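The report that follows describes how selected parts of a predicted model are packed together. Please read it alongside the sequence and the coordinates.

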Amino acid sequence: MTPHRFRPRLLDSLKDYRRETFVADLSAGITVGIVALPLAMAFAIASGVKPEQGIFTAIVAGLLISALGGSNVQIGGPAGAFIVIVYGIVERYGLTNLLISTALAGGLLFVFGALKLGALVRYIPVTIIIGFTNGIAVLIALSQVKDLLGLQIDKLPADFFTQIGTLASHLGSFNPWALLVGLACLALVVAWPKAYAAPQLADGPLTPHQQARRLAAKVPGTIVALVLATLATVLLKLPLETIGSRFGGIPQGLPELALPPFSWESAKQLLIPTITIALLGAIESLLCARVADNLVDAPRHDPNQELMAQGVANMVVPLFGGIPATGTIARTVTNVRSGARTPVSGIVHAATLLLIVLVAAPLAEHVPLAALAGILLFVAWNMGEWREFVRLRKFSFAYRTVLVGTFLLTVIFDLTVAVQVGLILACVFFIYRMSTLFRIEPVVGSGAATGIHVLRLYGALFFGAVAKAEAVAEQLPAGCRVLILEMHRLVLMDASGIDALEQLHRSLARQDVRLLLCDLNEQPLGLVRRSGLAEQVGADNLHPDLPAALRAAGS
């Protein structure tokens, strides 16, 4: 197989690049960069690392994913879906091993893209994706209870039930100011205009109120909430834990490149975390790219190029102390709604974040953690597809089982277990469903003479349905001397199906009953010939249609 050609979408986008396109990309990039700032800090803190690590990830990964990716408008950076995974890895293996896992996952993602495996992500059932996404949203919300209530807990455990017990045992340290600020930020983000483009207004001169609306619509609600919460904390001297009190502030500028200490012994223990980061990154980035394709009038994304770009980003980010990165739906949608047209907007977004760090990093020292908790609660709510739980009664038992099972396993155990079990359940239910679609029915009114029995096969004769074929010999009417299997409606057959027909042929031979096969489709016919079943049955017992088989049976 020829490896996928490495060609970033940026190269095609720069052809015939115009000034008005740059203006649109510049405006969108600045907007999404401002939106990304509080999210990057919040995701890092919730993941158990320092806030600047989230910002460094958004800058470095955002630049690389936009410059090297296969989408016109996708924005990369730290994602809410990774919070639970990163927190668990840091808790169990430590920060150094998280950096190693991220780099190894990046290499794996690059290999996925080079081997053209991007399309395989689409084969993951939607029930599994909804289940683990909702489960991650619940875990994100639970992880923010500590800062939302201002509880004095040094470090939350990663286990779900242990987290609940720890939170319950520290309710005595509840801080009402933290709850007030967190809920106020949550309410403000919910109430603020969602579309970061000016609303369409009537023709004519704008009133002051309309001008204020248009200005407010361009300002992200997360930034408004963060600024107001920070001002209230400083001016009113509220007793709240801030970024400065917990982490000592954010440094101005990117850190120096540094290789994390690597050992083969550590790498062997990081197999599961590496695979988890790689699979989740692939799923999230390609789902995000598909969403973006539906929102913008541009060529569809190249999934393999996107995976290769995600791989490069995740291999480079750990050198700056960053955390796993992927495509982010919220920031990508913001980018599109702000008028982005090419990957240049993503590069501008990274440059905007870098400029903010260089100029305004000391101001982040006063940001209250309760405000970030309120913003993350909004992110968690938007992440989940909660309506699917309400609609469950409309779907099959298999759909409900896979979705709810994946959701519960994600919450109680972890994402890796949830996806593995979810895929197994989905496969089992699919096999069962396919086996029920296979059926064998007698053909009535076919003109068959006495002693000639005609059966028509429907569906797929595979390992999950062979029991029905094996029972045919025992169900034939008395006096049957010829059995014709009409197979025009049999669309697929596997090796187990061939084995079942061979056993049927032997059973019929013992009963002195002749077996004829007719009207086979291309795939079953090719398998019958390659397996040697055609020679066993005999060339004179294979016929192109039912009338020919009936004439041969009556001769």
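The buried residues of helix 11 pack against helix 2, helix 9 (176–191) and helix 18, where buried means under 20% relative accessible area, exposed over 50% and partly exposed in between, computed with a 1.4 Å probe on protein chains only. Helices here are DSSP runs of H or I with at least four residues, numbered from the N terminus. The buried residues in question are Gly221, Thr222, Ile223, Val224, Ala225, Leu226, Ala229, Thr230 and Thr233. Helix 11 itself covers residues 221–235, has 15 residues and reaches 21 Å from its first C-alpha to its last, close to the 21 Å expected at 1.5 Å a residue; the expected span is 1.5 Å times one less than the number of residues. Just after helix 11, Lys237 takes a positive phi of about 50°.

The model is predicted, with local features requiring pLDDT of at least 70 and side-chain atom pairs counted only at pLDDT 80 or more, whereas totals for chains, interfaces and linings use all residues. Residues are numbered from 1 along each chain as its sequence is written, and side-chain values use heavy atoms, with hydrogens and water left out.

Two of the partners of helix 11 also pack against each other: helix 2 (residues 19–46) and helix 18 (residues 369–383) do so at an angle of about 95°, with their axes 10 Å apart. The axes are lines fitted to C-alpha atoms, for helices over the stretch in contact, and the angles run from 0 to 180 degrees between N-to-C directions. Helix 2 and helix 18 are therefore roughly perpendicular to each other, a label for angles of 65 to 115 degrees, while those under 35 count as roughly parallel, those over 145 as roughly antiparallel and the rest as oblique. On the side of helix 2, the meeting residues are Pro38, Leu39, Ala42, Phe43, Ile45 and Ala46, and on the side of helix 18 they are Leu369, Leu372, Ile375, Leu376 and Val379. The residues of this contact divide into 11 nonpolar, no polar and no charged, with Ala, Val, Leu, Ile, Met, Phe, Trp, Tyr, Cys and Pro counted as nonpolar, Asp, Glu, Lys and Arg as charged, and the others, Gly among them, as polar.

The largest nonpolar core has 73 residues, and those with the most contacts inside it are Met41, Ile55, Phe132, Val181, Ile243 and Leu372; such a core is a set of buried Ala, Val, Leu, Ile, Met, Phe, Trp, Tyr and Cys residues joined through side-chain atoms within 4.5 Å. The largest share of this core, 11 residues, comes from helix 2. Leaving aside neighbours within four places in sequence, Met41 is in contact (heavy atoms within 4.5 Å) with Pro51, Ile55, Leu226, Ile243, Ile250 and Ala364. Apart from the largest core lies another, of 32 residues, among them Val466, Val472, Ile498 and Leu520.

Individual buried positions can be described in a similar way. Ser66 is found in helix 3 (residues 51–68) and, at 1% relative accessibility, counts as buried. Beyond its neighbours within four places in sequence, Ser66 is in contact with Leu10, Gln74, Pro343, Gly346 and Ile347. Gln74 is also touched by Cys288, together with Gly327, Thr328, Ile329 and Thr332, when residues up to four places away in sequence are not counted. Cys288 lies in helix 14 (residues 271–293) and is buried, with a relative accessible area of 1%. Cys288 and Gln74 are 214 residues apart in sequence but 7.4 Å apart in space, C-alpha to C-alpha.

Ile153, in the loop between helix 7 (145–149) and helix 8 (160–169), counts as buried at 8% relative accessibility. With residues up to four places away in sequence not counted, Ile153 touches Lys146, Thr166, Leu167 and His170.

The table lists two loop residues with a positive phi.

| Residue | Phi | Location | Relative accessible area |
|---|---|---|---|
| Asp16 | near 60° | loop between helix 1 (9–13) and helix 2 | 71%, exposed |
| Lys116 | about 65° | loop between helix 5 (95–114) and helix 6 (126–143) | 38%, partly exposed |

Finally, Val421 is found in helix 21 (residues 415–437) and is partly exposed, with a relative accessible area of 30%. Val421 and Leu409 are 12 residues apart in sequence and 8.4 Å apart in space, C-alpha to C-alpha.
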